[in-house]
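Trainee: I have a structure to go through and don't know where to begin. Can we take it piece by piece?
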Amino acid sequence: MNLIIHNVTVFTNDDQNTVLENQAVAVKGARIEAVGTPAALKKKYKGFRQFDGEGRLLMPGLINAHMHFYGTFARGLSLPKPPRNFHEILRFLWWRLDTSLDLDAVYYSALVPAIGAVKHGVTAVIDHHASPNAVDGSLDRIEEALAQVGLRAVLCYEVSDRNGEEVRFRGLAENDRYIRKCQAAKEQNPDHLFDGMIGLHASFTLDEETLDEAAALSRSLDRGCHIHLLEDMVDARLTEQKYGADVVERLLQYGILGPQSIAAHGIHLDQVQMDALAYSDTMIVHNPQSNMNNAVGRADIFGLLKRGLPVGLGTDGMSPDVRPDLRTGYLLHKLALRNPNLGWEEFQKILLKNNPLIYRRVTGQPVGRIEPGYLADLILVDYFPPTPLTGENFWGHFLFGIVDAPVDTTIINGEIVMEHGQLPQVDEAAVAAEARKVAAKVWERFYA
Ligand SMILES: [Zn+2]
């Protein structure tokens with residue numbers, strides 16, 4: 001779509017955190033064409049739709065760097081037995097829920113949070129999917145759901161040996177097939193909404209042969225792996241017991257980690273492991289709300305950032321909105337380390353700079369800035385600053401104001417996917433009604 005968004009305050013998210021008053025942004029097709037005065041853009045780009053921002057804040061869309069759409073139907077589910085630790089959370093909840101999903105459940109469990117994402121200003125998501133009884137074509141069903149909403153995403157299927165050899169084989173094949181499909185689409189159109197990675201569960205459920213095959217796939221497709229890393233000590237303990245190895249050393253040795261790969265969590269890393277990770281330049285994604293919910297600990301994001309590692313932020317399925325994790329993470333580290341002067345710079349970097357960097361490393365797509373040539377993934381936020389707003393103090397406005405502000409309009413790939421709170425393509429209540437029917441069947445299988 002071609003449009004000029006005017007009557008807005010623009011936060012460009014460039015290196016200077018530039019804030020522009022009384023400027024307009026021209027979008028041509030999927031990309032940002034120009035930033036300038038409303039009069040100049042109107043004159044230059046005749047025939048572009050004029051979009052009145054009504055004084056709102058225009059900023060780049062937010063990115064969720066680690067998500068599990070498939071967890072949607074856990075909401076309201078009660079567990080037969082209370083889990084006493086992380087391994088029991090996996091066994092009692094997630095590994096029972098994922099085996100209860102069929103392809104319709106996969107579709108609706110993605111469609112519901114996709115709607116939630118665009119409503120909360122998230123324009124790109126890196127997802128990690130599991131449905132061991134419905135592997136083949138599962139990523140297509142997720143893509144179908146996201147395409148209906150217009151959400152940008154990187155998808156992968158979570159390969160593991162916990163469901164036997166056949167499911168492991170199907171998982172690898174699903175990643176292989178889906179990545180090739182996206183690569184073919186991107187040859188035609190580099191702005192294509194979807195891309196893939198090679199999904200892996202975690203070291204303690206992955207045999208040697210599986211790691212070898214995943215690494216071979218990664219090399220041949222030129223795509224990184226997306227894996228959970230030391231989310232809990234069970235990963236270290238069982239990797240040692242089953243394979244006689246250190247988790248980080250093992251994953252590095254097999255070529256699973258590296259600059260194209262994402263490791264989620266990284267909570268129980270020691271100094272030596274952090275050094276090794278820094279050398280590998282692996283992308284790390286912090287998920288503070290999930291970590292608190294599972295009571296698994298706190299990642300040393302300061303140690304990781306100090307070593308130059310690109311640390312990003314995800315929600316791990318806790319929420320389709322990444323802003324609650326941003327604020328929770330910021331507060332968590334201050335409290336845990338009893339230091340009120342902590343995390344200000346770091347969390348700004350994690351959300352606004354590193355998440356776009358991570359997304360670009362994976363997909364090659366320029367996102368996260370309002371600058372000519374960048375993808376037009378933009379949000380108009382109902383934020384009318386009650387105090388002076390400048391580039392220098394933008395982060396304060398974000399952390400204590402914009403995090404709570406409703407998103408009015410969301411644009412992805414130059415398309416308006418939500419306009420003044422309404423999603424033109426989707427009837428949210430009807431989707432939820434359909435999802436409830438599908439969820440009831442999933443729950444029947446869960447309790448069977
Ligand atoms: Zn996860």
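Mentor: Start with a pair of helices, and keep in mind that this is a predicted model. Helix 2 (residues 86-97) packs with helix 15 (residues 428-447) at an angle of about 130 degrees, and their axes are 10 Å apart.

Trainee: What do you call helix 2 and helix 15 relative to each other, then?

Mentor: Oblique. An angle over 145 degrees would count as roughly antiparallel and 65 to 115 as roughly perpendicular, so helix 2 and helix 15 are oblique to each other. The crossing of helix 2 past helix 15 is right-handed.

Trainee: Which residues in helix 2 and helix 15 meet?

Mentor: From helix 2, Phe 92, Leu 93, Arg 96 and Leu 97; from helix 15, Val 442, Phe 446 and Tyr 447.

Trainee: New topic. Which domains does the assignment give?

Mentor: Domain 1 (3-61 + 368-418) and domain 2 (62-363). Their contact takes 31 residues from domain 1 and 25 residues from domain 2. The C-alpha centres of domain 1 and domain 2 lie 30 Å apart.

Trainee: And the largest nonpolar core, how many residues are in it?

Mentor: 116 residues. Those that touch the most other members are Met 59, Phe 73, Leu 146, Ile 256, Phe 394 and Phe 398. Helix 3 (residues 103-119) gives the largest share of this core, 10 residues. Domain 1 and domain 2 each supply at least three residues to this core.

Trainee: What does Met 59 touch?

Mentor: Leaving aside residues up to four places away in sequence, its contacts include Phe 11, Leu 352, Ile 370, Asp 377, Phe 394 and Phe 398.

Terms used
Residues are numbered from 1 along each chain as its sequence is written. This is a predicted model: local features need pLDDT of at least 70, side-chain atom pairs count only at pLDDT 80 or more; totals for chains, interfaces and linings use all residues. Side-chain values use heavy atoms; hydrogens and water are left out. A nonpolar core is a set of buried Ala, Val, Leu, Ile, Met, Phe, Trp, Tyr and Cys residues joined through side-chain atoms within 4.5 Å. Buried means under 20% relative accessible area, exposed over 50%, partly exposed in between (1.4 Å probe, protein chains only). Helices (H or I, at least four residues) and strands (E, at least two) are DSSP runs, numbered from the N terminus. Domain bounds come from an automatic or database domain assignment. Contact means heavy atoms within 4.5 Å. Axes are lines fitted to C-alpha atoms, for helices over the stretch in contact, and angles run from 0 to 180 degrees between N-to-C directions. Angles under 35 degrees count as roughly parallel, over 145 as roughly antiparallel, 65 to 115 as roughly perpendicular and the rest as oblique. A crossing is left-handed if the near helix is turned anticlockwise from the far one by less than a right angle, and right-handed if clockwise.
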